[in-house]
Every structure is written in C-alpha cells, then in structure tokens.
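Colleague: Could you show me how to read helix packing in a model like this one?

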Amino acid sequence: MGKDVIVACDFSSAQQVFDFLDKFEERKPFVKIGMELFYAEGPQIVRKIKKRGHKIFLDLKLHDIPNTVKKSMSVLSSLDIDMCNVHAAGTINMMTAALEGLTRDDGSRPLLIAVTQLTSTDRETMERDLLIHDEMDKVVMHYAHNALTAGLDGVVCSPQESGKVHQECGNSFLTVTPGVRFKDGDAGDQKRIMNPAEAKKAGSDYIVVGRPITSAADPVEAYERCIREFVD
Ligand code: C5P
C-alpha cells in the first residue's frame with residue numbers, strides 16, 4: 001500500500017463536490033466523503049464519485065452494537081469503497097464484527113481503520129465526560145492495539161502519533177493522519193499539526209487534507225504540492 005494524499009471533500013452538496021473535482025483534469029485524487037455529504041446526498045454520491053475514477057474513503061465512523069455494525073458494513077462494502085472506519089471505542093467485538101460484515105463473498109474488502117480518540121477530545125474532557133483517567137497517549141495506543149487485535153488495517157491518528165503507532169503495532173499497520181497544514185499556511189482550528197513533508201518523515205501512510213486544498217486559490221496546485229512534499 002503506497003503513500004497517498006486523501007482530499008477531505010467536506011462539501012454539503014453533490015454540485016459543490018463535482019465543481020471541485022472538475023478542476024482536476026488528469027489526476028484523480030483519493031477523496032474522503034464524510035457524514036455531511038453522505039447524509040445530504042445518500043449512497044448515490046459514492047457511486048457517482050467512484051464512477052469518475054476516484055478512490056474513496058467513506059468516513060462515517062460507525063459505533064453501535066456488533067450486529068448492527070456488521071450489517072451496515074456489508075451495505076457499505078457493496079458500494080465499492082476503498083476505505084472506511086469505525087470508532088475503536090465500540091470494542092474489539094464490534095471491530096471484529098465490522099470486519100466480517102465488510103468482507104465480500106470473494107474475500108475482498110475495503111480497508112478498515114479505527115478512530116482512536118477524536119482530536120477534538122482533550123485529556124480534561126476525556127476524564128470529566130468519559131471517566132477515562134489515563135494519559136491521552138496511553139489511551140490512543142491501547143485503542144490502536146485493540147484495532148490490531150480485531151484484525152483492522154490501521155488507525156486514524158495525529159501525524160505526531162504515527163511513529164509510535166508503527167513502533168508498537170508494526171510498520172504495515174496503517175496510520176491515516178489529518179491535521180496537515182503547509183509550512184506557510186493557516187492552522188485554522190487544527191491544533192496538533194504537521195506539514196506534508198514532516199508527516200512523511202513521521203511515517204504517516206496517508207495524509208487527509210481538507211481546507212488547505214479545498215479553500216486554496218488554486219486547489220490543483222495545492223494538491224500537487226501535497227503530492228510533491230508527501231509522496232514524491
Ligand atoms: O480542513 P482540514 O484539513 O482540517 O480537514 C481535515 C479532515 O479530517 C476533516 O474532514 C475532519 O473532519 C477530519 N478529521 C480530523 N481529525 C480527526 C478525524 C478526522 O480533522 N481526528
């Protein structure tokens with residue numbers, strides 16, 4: 001599995017996402033479809049983007065009882081996506097069920113990764129709201145180990161955690177990392193950030209980049225810059 005840049009297409013309508021993707025003539029970026037676009041447009045949006053030749057990371061972060069997650073994953077698998085995710089907090093049983101549901105009759109399946117702790121949750125919130133008293137680092141690594149035990153392919157984490165995840169879970173366990181900004185760019189609401197070259201050095205397998213590309217004056221050039229810094 002090669003390194004790649006995943007473009008977070010955080011748009012609220014099909015028209016907006018197609019206007020954006022139309023700018024890319026030759027390259028077909030790996031795109032991330034999140035809840036907003038999926039709930040607005042339904043599964044059809046996945047089929048339409050797929051038909052245009054893009055790989056798709058469907059970022060719906062499933063978290064429910066194992067049986068429900070298994071059946072839902074089997075529906076998502078029929079959409080011919082390339083990557084999807086669950087919350088590791090759903091437990092090892094739930095992640096195992098997700099993997100079973102995702103596996104097609106011929107044994108093939110999309111990549112399945114786990115969200116450890118959301119980057120919007122800090123230590124204080126985790127302690128107060130979730131009654132988890134360990135250090136964030138320890139919690140993230142514990143969830144990564146659970147995902148590995150369940151047979152998942154990797155985790156979503158900060159690029160700053162990629163090295164440690166690989167060290168503890170192996171180099172083939174994927175790290176998919178948002179929180180990427182250009183050296184000379186605006187951090188916005190992201191706190192633990194790295195630029196694409198640093199994320200490459202840290203060992204991230206995929207970077208997920210949204211606004212630095214979607215809000216750029218020249219989105220294609222911004223995407224190409226990510227490719228130059230992270231992949232080439
Ligand atoms: O615009 P920006 O580059 O910050 O977009 C990052 C993308 O990654 C968004 O779609 C966001 O929802 C997602 N994400 C994140 N942090 C996580 C998980 C997902 O920023 N921990």
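Modeller: Two packed helices are described by the angle between their axes and the distance between the axes. Here α7 and α8 are oblique to each other, because angles under 35 degrees count as roughly parallel, over 145 as roughly antiparallel, 65 to 115 as roughly perpendicular and the rest as oblique. Their axes cross at roughly 45 degrees and come within 10 Å. Axes are lines fitted to C-alpha atoms, for helices over the stretch in contact, with angles from 0 to 180 degrees between N-to-C directions. Helices are DSSP runs (H or I, at least four residues), and strands are too (E, at least two), numbered from the N terminus.

Colleague: What should I trust here?

Modeller: This is a predicted model, where local features need pLDDT of at least 70, side-chain atom pairs count only at pLDDT 80 or more, and totals for chains, interfaces and linings use all residues. Residues are numbered from 1 along each chain as its sequence is written, and side-chain values use heavy atoms, leaving out hydrogens and water.

Colleague: Which residues in α7 meet α8?

Modeller: Contact means heavy atoms within 4.5 Å. From α7, Asp137, Val140, Met141, Ala144, His145 and Leu148 meet Glu161, Lys164, Val165, Glu168 and Cys169 of α8.

Colleague: How do α4 and α5 cross, and at roughly what angle?

Modeller: The axes of α4 (residues 66–77) and α5 (residues 92–102) cross at roughly 30 degrees and come within 7 Å. That makes α4 roughly parallel to α5. On the α4 side, the contact includes Pro66, Val69 and Met73, and on the α5 side Met94, Ala97 and Leu102 are among the residues.
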